[in-house]
Amino acid sequence: MTALPFLLRLRELRVLDDATELALTREGILTLGDLELAIAEDRPFTADARLRRAAGLLARESRPITLGRAWDILDACIESLALHCPALEAIEASGGVRRAEPIVNGLVIVARAADPARAVECLTALPTATEVRHRTLCRALLLFQGYEIDVRVTTADEYGSLLFATTGPPGHVVDVLSRGGPRLNASETEIYASAGLVYLPPETRDGPDALDRALRRDVPPLVQREDIRGDLHMHTTYSDGRDPLRRMIQATHELGYEYIAITDHSEHAGAARTVTLDQLARQRDEIARLREKAPGMTILHGLEVDILPDGTLDCPDAVLATLDIVLASLHDSAGQDRRQLTRRCVAAIRHPLVSVITHPGNQLVGRRPEYDMDYPAIYSAAVETGTALEIDGAPSHLDLSGERAREAVQAGVTVVIDSDCHRARALDRHMRMGVGTARRGWVEPRHVLNTRPIGEVLAFIAAKRGH
Ligand SMILES: [Zn+2]
Ligand SMILES: [Zn+2]
């Protein structure tokens with residue numbers, strides 16, 4: 001068995017003598033996540049200040065993974081586990097992915113098995129794993145696609161506790177468990193109940209007031225993937241999408257959507273390919289022809305139009321007026337400061353033909369923070385004009401973020417959750433990430449435009465257009 005990189009690194013940092021290493025392995029501390037939980041729990045051996053400092057250092061030097069990448073890796077691993085280890089049941093992603101964190105530290109999968117020890121044996125023979133870094137009776141650390149995945153297996157009795165503990169974050173787990181109650185044979189809901197709390201969805205558990213709200217029983221049903229009736233933002237090969245219009249329509253129809261909007265990039269957008277006015281007219285005709293291929297689904301012809309540096313739109317109003325829906329977005333800050341960017345965004349919000357502002361802060365997860373803007377001013381302009389702000393589910397964006405989405409709906413904004421998808425096979429996954437992001441912001445179905453029937457969506461657009 002290979003020595004764990006986690007333990008080797010602690011040795012390098014000179015915080016690990018033989019006795020501490022023994023204590024760590026005996027307690028099942030095999031990953032940084034385990035150590036963080038142990039520290040949150042104040043377990044005796046974590047009193048060593050050097051160990052606590054090392055945990056902080058390791059967290060800073062850990063290899064963060066974007067939610068999109070983490071999701072891909074875990075999905076592939078779960079698929080492989082389901083195929084090769086039939087003894088495993090209810091295999092699911094836990095940890096930061098289950099909480100829909102935009103940047104994830106540590107990959108965890110949990111599963112049930114009647115005989116965990118035997119199931120773990122099967123794990124270690126997984127042909128898709130390049131290495132088994134560690135194995136105990138209920139757990140294996142696998143190297144899969146170059147990433148360490150912590151696969152935890154338990155019996156049905158203990159599954160709820162395992163799911164709860166591995167979902168984290170560590171501080172939250174300790175806060176809930178310290179309120180007492182049984183931990184065996186308990187579902188997650190029962191764990192919360194025995195602590196005098198109502199169940200908190202995983203995506204909310206990072207929030208500073210999550211526990212308070214659970215105590216006050218103020219946890220409304222949050223939006224779910226099943227609530228989503230349509231997707232109002234996607235690209236085709238008319239601009240920088242990878243799949244042709246026909247394929248996107250077919251895929252969304254197969255997803256059971258009641259409506260979609262085709263929204264390619266306007267002519268001067270910074271995208272690799274954009275749609276000219278001529279092509280836009282051709283696209284309208286092609287959509288008209290394809291409508292019969294998707295019975296029961298309304299296809300809106302739209303455009304994701306760039307907001308130019310002076311706040312005007314990258315398309316004449318006369319053309320925009322022929323479209324069923326217009327989305328507007330900032331794709332380039334043009335070196336502008338907070339005041340200028342805010343003014344530019346608000347100008348687009350005030351345009352009567354603009355129904356949605358897509359990825360308002362234009363963040364790129366892990367690469368570029370959201371634009372510095374006066375967000376409260378943006379929320380109030382959106383409310384005043386009846387413009388929706390988007391929660392963009394593309395894993396590169398996840399914008400509005402959970403925190404911003406929460407502020408927005410509190411301010412009374414209608415949000416829309418879109419895939420902003422550029423390829424058919426990712427439509428559902430992007431939508432799920434958008435929904436996860438919305439749930440991090442405590443967004444409820446009533447706040448979301450595309451949980452509503454098409455008639456209400458069209459009425460929302462028409463109301464702003466003034467007819
Ligand atoms: Zn965009
Ligand atoms: Zn887009």
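This passage walks through the two-zinc site, three helix packings and some backbone oddities of a predicted model.

Start with the metals. The zinc ion (ligand 2) picks up its protein donors from H233 (NE2), H235 (NE2), E304 (OE) and D420 (OD), at distances of 2.1 to 2.3 Å. Along the chain, these donor residues follow the pattern H-x1-H-x68-E-x115-D. The geometry comes out as irregular, because the four donor atoms subtend angles of 83 to 174° around the zinc ion (ligand 2). For a tetrahedral label, all angles would have to lie between 85 and 135 degrees, and the range of 83 to 174° runs outside that window.

The zinc ion (ligand 1) has E304 (OE), H331 (NE2) and H359 (NE2) as its protein donors, and they sit 2.1 to 2.2 Å away. Here the sequence spacing reads E-x26-H-x27-H. E304 turns up in both donor lists: the glutamate coordinates both zinc ions, which are 3.3 Å apart.

That shared residue also connects separate stretches of the chain. E304 belongs to strand β10, while H331 is in the loop between β11 (325-329) and α15 (338-350), so this pair ties together parts that are 27 residues apart in sequence. On the side of the zinc ion (ligand 2), the donor spacing is H-x1-H-x68-E-x115-D. There, E304 in strand β10 (residues 298-306) is linked with D420, a residue 116 positions apart from it in the loop between β14 (415-418) and α18 (427-440).

How accessible are these donors? E304 has a relative accessible area of 1% and therefore counts as buried. D420 is buried as well, at 5%. H331 reaches 23% and so falls in the partly exposed class, given that buried means under 20% relative accessible area.

Next come the helices. Helix α1 (residues 5-12) and helix α4 (residues 49-61) cross at roughly 120°, and their axes come within 11 Å. That angle makes α1 oblique to α4, and the crossing is right-handed. On the α1 side the contact is made by F6, R9 and L10, and on the α4 side by L51, A54, L57, L58 and E61.

Helix α3 (residues 32-40) and helix α9 (residues 170-177) have axes that come within 8 Å and cross at roughly 40°. The two helices are therefore oblique to each other, since angles under 35 degrees would be needed to count as roughly parallel. The crossing of α3 and α9 is right-handed. In terms of residues, α3 brings E36, L37 and A40 to the contact, where they meet P170, G171, V173 and V174 of α9.

The remaining packing involves α18, the helix that follows the loop holding D420. Helix α5 (residues 67-84) packs against α18 at an angle of about 120°, with the axes 12 Å apart. This pair is therefore oblique too, and its crossing is right-handed. From α5, L67, G68, W71, D72 and D75 take part in the contact, and α18 supplies R429, R432 and M433.

Finally, the backbone has a few spots to check when setting up torsions. One cis peptide bond joins G168 and P169, with omega at about -5°. P169 is placed in the loop between α8 (156-167) and α9, and α9 is the helix that packs with α3. Another cis peptide bond joins D399 and L400, where omega is about 0°. L400 is found in the loop between β13 (388-392) and α17 (402-410).

That loop between β13 and α17 also contains L398. L398 has a positive phi of about 45° although it is not a glycine. With a relative accessible area of 2%, L398 is buried. R14 likewise has a positive phi, near 60°, in a residue other than glycine. R14 lies in the loop between α1 and α2 (18-26). Its relative accessible area is 70%, so R14 is exposed.

How values were computed: Residues are numbered from 1 along each chain as its sequence is written. Chains are lettered from A and ligands numbered from 1 in the order in which they are written. This is a predicted model: local features need pLDDT of at least 70, side-chain atom pairs count only at pLDDT 80 or more; totals for chains, interfaces and linings use all residues. Side-chain values use heavy atoms; hydrogens and water are left out. Donors are N, O and S atoms within 2.8 Å of the metal (3.2 Å for Na, K and Ca); water is not among the atoms, so sites may look incomplete. Four donors count as tetrahedral if all angles lie between 85 and 135 degrees; four count as square planar and six as octahedral if opposite donors are over 155 degrees apart and all others between 65 and 115; anything else is irregular. Helices (H or I, at least four residues) and strands (E, at least two) are DSSP runs, numbered from the N terminus. Buried means under 20% relative accessible area, exposed over 50%, partly exposed in between (1.4 Å probe, protein chains only). Axes are lines fitted to C-alpha atoms, for helices over the stretch in contact, and angles run from 0 to 180 degrees between N-to-C directions. Angles under 35 degrees count as roughly parallel, over 145 as roughly antiparallel, 65 to 115 as roughly perpendicular and the rest as oblique. A crossing is left-handed if the near helix is turned anticlockwise from the far one by less than a right angle, and right-handed if clockwise. Contact means heavy atoms within 4.5 Å.
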